[in-house]
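Trainee: Please take one part of this structure and go through it closely. I would like to hear about the salt bridges.

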Amino acid sequence: MRLTEPRVAPLADSELDGEARALIDGMRDLGGEAANIFRTLARHPKLLKRWLVFGNHILAKSTLDPREREIAILRVGYRCRSIYEWTQHVRIGRQTGLSDAEIARIGAGPDAAGWSEFDAAILRATDELHDDAMIGDATWKQLSERYSTEQIMDLIFTVGQYHTVSMALNSLGVQTEHGDAPFPDGAGS
């Protein structure tokens, strides 16, 4: 189910108070606009302020390779059916080197033809965290062959962060700013 109207409307500039305005001003993109996710969460400035610290680590300071991080984030957005998350991270994924073919294949999951063994392990770990709230032993072993403990922890927290964000986006009805990037067709769940 997708909400086509916000349940919680994003704040307009005229509605921003001091704390919310300071947070939003820090989130404006190059075009001078702040994304709807930030404008919506600004209705709870204390939550937004604290969430931004964690989100900044996940998106900008994580030990994960950005391309690999985006594989996990896109899989979470797909599995949670979060069109906002999917749309935002299709753009970011392309910036990190994901091809359109790889982005389309994310919906098909870890067993789809074309993934490297390690990319498939990232997708599998994401699915296991989504479905079981735990990475299974075989997937952990695969990840451990290349990832440090810190990187595995960052992967777990990345999946958890974007699972939470997807739930918020879906429940609040946050709408995309620049049109939707459709989910891949015929892909598994």
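Mentor: What follows deals with the salt bridges and the places of their partners. The model is predicted, so local features need pLDDT of at least 70 and side-chain atom pairs count only at pLDDT 80 or more, while totals for chains, interfaces and linings use all residues. Residues are numbered from 1 along each chain as its sequence is written, and side-chain values use heavy atoms, with hydrogens and water left out.

Side chains of opposite charge can pair when their charged atoms come close. Here a salt bridge is a side-chain nitrogen of Lys or Arg within 4 Å of a carboxyl oxygen of Asp or Glu. A search of the whole structure finds 14 salt bridges.

Take Glu-68 and Arg-146: the closest N and O atoms of this salt bridge are 2.2 Å apart. The two residues come from distant parts of the chain, 78 residues apart, with Glu-68 in helix α4 (residues 66-79) and Arg-146 in the loop between α8 (137-144) and α9. Helices (H or I, at least four residues) are DSSP runs, numbered from the N terminus. For accessibility, buried means under 20% relative accessible area, exposed over 50%, and partly exposed in between, using a 1.4 Å probe and protein chains only. Glu-68 counts as buried because its relative accessibility is 5%. Arg-146 has a relative accessible area of 48%, so this residue is partly exposed.

Helix α4 also supplies Arg-75 to a second link. Asp-127 forms a salt bridge with Arg-75, and their closest N and O atoms are 2.8 Å apart. Asp-127 lies in helix α7 (residues 117-132) and Arg-75 in helix α4, so the pair ties together parts 52 residues apart in sequence. Both ends fall under the buried cut-off: Asp-127 has 10% relative accessibility and counts as buried, and Arg-75 counts as buried at 3%. This pair belongs to a network of salt bridges that links Arg-75, Arg-79, Asp-127 and Asp-131.

A further pair is Arg-94 and Asp-100, whose side chains meet in a salt bridge at 2.6 Å, N to O. Arg-94 is partly exposed because its relative accessible area is 45%. Asp-100, at 48% relative accessibility, also counts as partly exposed.

To review the burial of the partners, Asp-127 is buried and so is Arg-75. Glu-68 is buried, whereas Arg-146 is partly exposed. In the remaining pair described here, Arg-94 is partly exposed, as is Asp-100.
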